[in-house]
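Here is a friendly walk through a single model, from its overall build to its sheet, its core and its charged pairs. Please keep the structure open beside the text as you read.

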Amino acid sequence: MFLGPYTIPIIVVFVASLLIQGYLSRTYKKWGQVRNARGLTGAEVARMMLDENGLQGVPVQAVPGNLTDHYDPGKKTVNLSESVFGVASVGAMAVAAHEVGHAMQDKVRMPALVLRGKMAVPLSLGMNLAPWLLLAGIFLKLSGLLWLGVVLFGAALIFHVVTLPVEFDASRRALVYLDSRGLNGTAEGQNGAKNVLTAAALTYVAGFAMALVQFLNILGIARR
């Protein structure tokens with residue numbers, strides 16, 4: 001990252017992000033080993049939740065990796081990692097229900113989810129160009145290129161702002177469903193599901209914080 005007035009905050013947020021990722025891994029490892037009350041795998045919970053919410057046509061698929069779970073709004077598929085798909089744990093249940101929460105958002109065309117989907121591809125391309133635009137603007141003294149880079153970093157910040165309510169709402173839907181069907185079982189299971197989803201939410205908060213300090217840093221450089 002470019003040196004600027006927010007370099008130290010960027011380092012602080014980066015370290016905090018690493019700590020949060022470690023916390024998520026530890027939390028999921030703990031609750032990924034605790035069997036849920038109904039003995040249902042992540043795939044079974046996802047299938048049940050989809051069917052009961054009128055989403056019978058949305059398939060549940062296994063994908064490689066650990067915590068690579070996601071909902072694909074383009075293909076309309078719920079994709080669960082190996083540690084979730086066939087595992088009957090509290091952690092797997094919570095993660096699976098969260099991803100179905102995104103499918104439910106897609107069904108009702110939640111504005112924030114739709115906007116995030118439209119921003120994803122162009123923003124990805126733009127962020128690949130942004131560092132080069134900034135470098136060119138700084139060394140060639142071309143303010144137009146420099147400010148274009150600033151705009152792209154601003155768009156990334158907006159993306160993270162939009163992501164927060166999408167992720168929080170998906171977790172809310174997951175917990176409401178699990179509680180309403182008694183899938184959490186005991187108070188321990190309820191706390192476990194909440195802990196897993198809270199740890200996951202913190203990663204998105206960290207992502208927003210990083211995008212914010214990066215934008216402020218680049219903005220400070222451009223205004224020199």
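## Overall build

Of the 224 residues in the chain, 47% count as buried. Please bear in mind that this is a predicted model. Along the principal axes, the C-alpha atoms of the chain fill a box of roughly 65 × 35 × 25 Å. The secondary structure comes to seven helices and three strands, and reading along the sequence gives the pattern α-α-β-β-β-α-α-α-α-α.

## The sheet

Let us begin with the strands. They form an open sheet of three, in the order β1-β3-β2, with mixed pairing. The edge strands are β1 (60-63) and β2 (70-72), each of which pairs on one side only. From one strand to the next, the twist averages 30 degrees.

The mixed pairing can be followed strand by strand. β1 and β3 (residues 77-81) run parallel and are joined by four bridges. β2 and β3, on the other hand, run antiparallel, with three bridges between them. Val 78 is a good residue to look for in β3: it is the bridge partner of Val 60, and it is also the bridge partner of Tyr 71.

β2 and β3 also form a hairpin, with four residues between them. In the turn of this hairpin, Lys 76 has a positive phi of about 55 degrees. Lys 76 turns up again among the charged residues, where it is linked with Asp 106 and Arg 109 in a network of salt bridges.

How many of the five residues of β3 are buried? The count is five of five, so the strand is mostly covered, given that buried means under 20% relative accessible area. Both faces of β3 are covered: Thr 77, Asn 79 and Ser 81 are buried on one side, and Val 78 and Leu 80 are buried on the other.

## The nonpolar core

Val 78 and Leu 80 lead us to the core. The largest nonpolar core has 33 residues, and those with the most contacts inside it are Leu 50, Val 60, Val 78, Leu 80, Val 84, Val 100 and Leu 178. At least two residues of this core come from each of α1, α2 (42-52), β3, α4 (90-107), α6 (143-180) and α7 (187-222). Which of these elements gives the most to the core? That is α4, with ten residues. As background, nonpolar side chains tend to be buried together in soluble globular proteins.

## A nonpolar patch on the surface

Some nonpolar side chains are found on the outside as well. Ile 11, Phe 14, Val 15, Leu 18 and Leu 19 make a nonpolar surface patch of about 500 Å². Ile 11 has its place in helix α1 (residues 7-31). Its relative accessibility is 49%, and therefore Ile 11 counts as partly exposed, as the exposed class begins over 50%.

## Salt bridges

A search of the whole structure finds seven salt bridges. Three of them, each within a helix, are set out here.

| Salt bridge | Closest N to O | Helix and spacing |
|---|---|---|
| Arg 47 and Asp 51 | 3.0 Å | α2, four residues apart |
| Asp 169 and Arg 172 | 2.9 Å | α6, three residues apart |
| Arg 173 and Asp 169 | 2.6 Å | α6, four residues apart |

In helix α2, Arg 47 and Asp 51 are four residues apart, which means that about one helical turn separates them. Arg 47 is partly exposed, with a relative accessible area of 25%, and Asp 51 is partly exposed as well, at 32%.

In helix α6, Asp 169 forms a salt bridge with Arg 172 and another with Arg 173. Arg 172 lies about one turn of the helix from Asp 169, and so does Arg 173. Is Asp 169 buried or exposed? Asp 169 is buried, because its relative accessible area is 13% and the cut-off for buried is under 20%. Its partner Arg 172, at 45% relative accessibility, counts as partly exposed.

Methods
Residues are numbered from 1 along each chain as its sequence is written. This is a predicted model: local features need pLDDT of at least 70, side-chain atom pairs count only at pLDDT 80 or more; totals for chains, interfaces and linings use all residues. Side-chain values use heavy atoms; hydrogens and water are left out. Patches are made of residues with over 30% relative accessible area and no salt bridge: like charges are joined within 9 Å, nonpolar side chains (Val, Leu, Ile, Met, Phe, Trp, Tyr) within 5 Å. Accessible areas come from the Shrake-Rupley method with a 1.4 Å probe; for residues, only the protein chains shown count as cover. Buried means under 20% relative accessible area, exposed over 50%, partly exposed in between (1.4 Å probe, protein chains only). Two strands pair if DSSP finds at least two bridges between them. Axes are lines fitted to C-alpha atoms, for helices over the stretch in contact, and angles run from 0 to 180 degrees between N-to-C directions. A nonpolar core is a set of buried Ala, Val, Leu, Ile, Met, Phe, Trp, Tyr and Cys residues joined through side-chain atoms within 4.5 Å.
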